[in-house]
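Dear colleague,

Please find below the structure for your consideration. A summary of the empty space found in it follows.

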Amino acid sequence: MACFRLLGAVDSPVNLLPYEITYDVSDLTKDKRMNNRINLKIYAYEPDFAPEDKQVIQVLWGMQAEGWDYWKNLDSKSYKTEKSKLAEQVKQKIEAAYKGKLILFDTWTPGTYHRYCNA
């Protein structure tokens, strides 16, 4: 399955998610390629993944198969613009739950895998 992924950190000494959770993002899915849900996972169970009082957070936003072609065929400027736009939408959606504690590190798309790994 193709995914739009985000990786970041949460400033918190305690685990904010007891398990993997799913958020409804149907209000963000104007594009039919994107699914209506995002999946959040915090890696608090592994203390070596982040500095003390921080936690790694991963967000996966699945997309339909045609999403692969969309990302692969964007020119560089459009790719960066669209990727940044989606990242900001997801960040705003989940940041309310973390009250400004979310720090976004990186995002990647099916186009990223194609560009770096030819996959």
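The model is a predicted one. Its largest pocket is lined by Trp71, Lys72, Leu74, Ser76, Tyr79, Lys80, Lys83, Ser84, Thr107, Gly111, His114 and Arg115. Three elements each give two or more residues to this lining: helix 1 (66–73), helix 2 (76–98) and helix 3 (110–117). Helix 2 provides the largest share, with five residues. By residue class, the lining of the largest pocket comprises three nonpolar, five polar and four charged residues. The space within this pocket amounts to about 190 Å³.

I turn next to enclosed space. Across the whole structure, the search returned one cavity of 30 Å³ or more. The volume of the largest cavity is about 50 Å³, and its lining consists of Leu6, Leu7, Gly8, Ile57, Gln58, Val59, Lys91, Ile94, Leu102 and Leu104. Strand 1 (2–11), strand 4 (54–63), helix 2 and strand 5 (102–108) are the elements that give two or more residues to the lining of this cavity. Of the residues around the largest cavity, seven are nonpolar, two are polar and one is charged.

Helix 2 thus deserves a remark of its own. It is among the elements giving two or more residues to the lining of the largest pocket, and it is likewise listed among those giving two or more to the lining of the largest cavity.

Yours sincerely

Technical notes:
Residues are numbered from 1 along each chain as its sequence is written. This is a predicted model: local features need pLDDT of at least 70, side-chain atom pairs count only at pLDDT 80 or more; totals for chains, interfaces and linings use all residues. Side-chain values use heavy atoms; hydrogens and water are left out. On a 1 Å grid over the protein atoms alone, a cavity is a set of points where a 1.4 Å probe fits but cannot get out, and a pocket is an open set with protein on both sides within 12 Å along at least five of seven lines; lining residues have an atom within 4 Å of a point. Grid points are joined across faces, edges and corners, and a volume is the space filled by probe spheres set on the points. Helices (H or I, at least four residues) and strands (E, at least two) are DSSP runs, numbered from the N terminus. Ala, Val, Leu, Ile, Met, Phe, Trp, Tyr, Cys and Pro count as nonpolar, Asp, Glu, Lys and Arg as charged, and the others, Gly among them, as polar.
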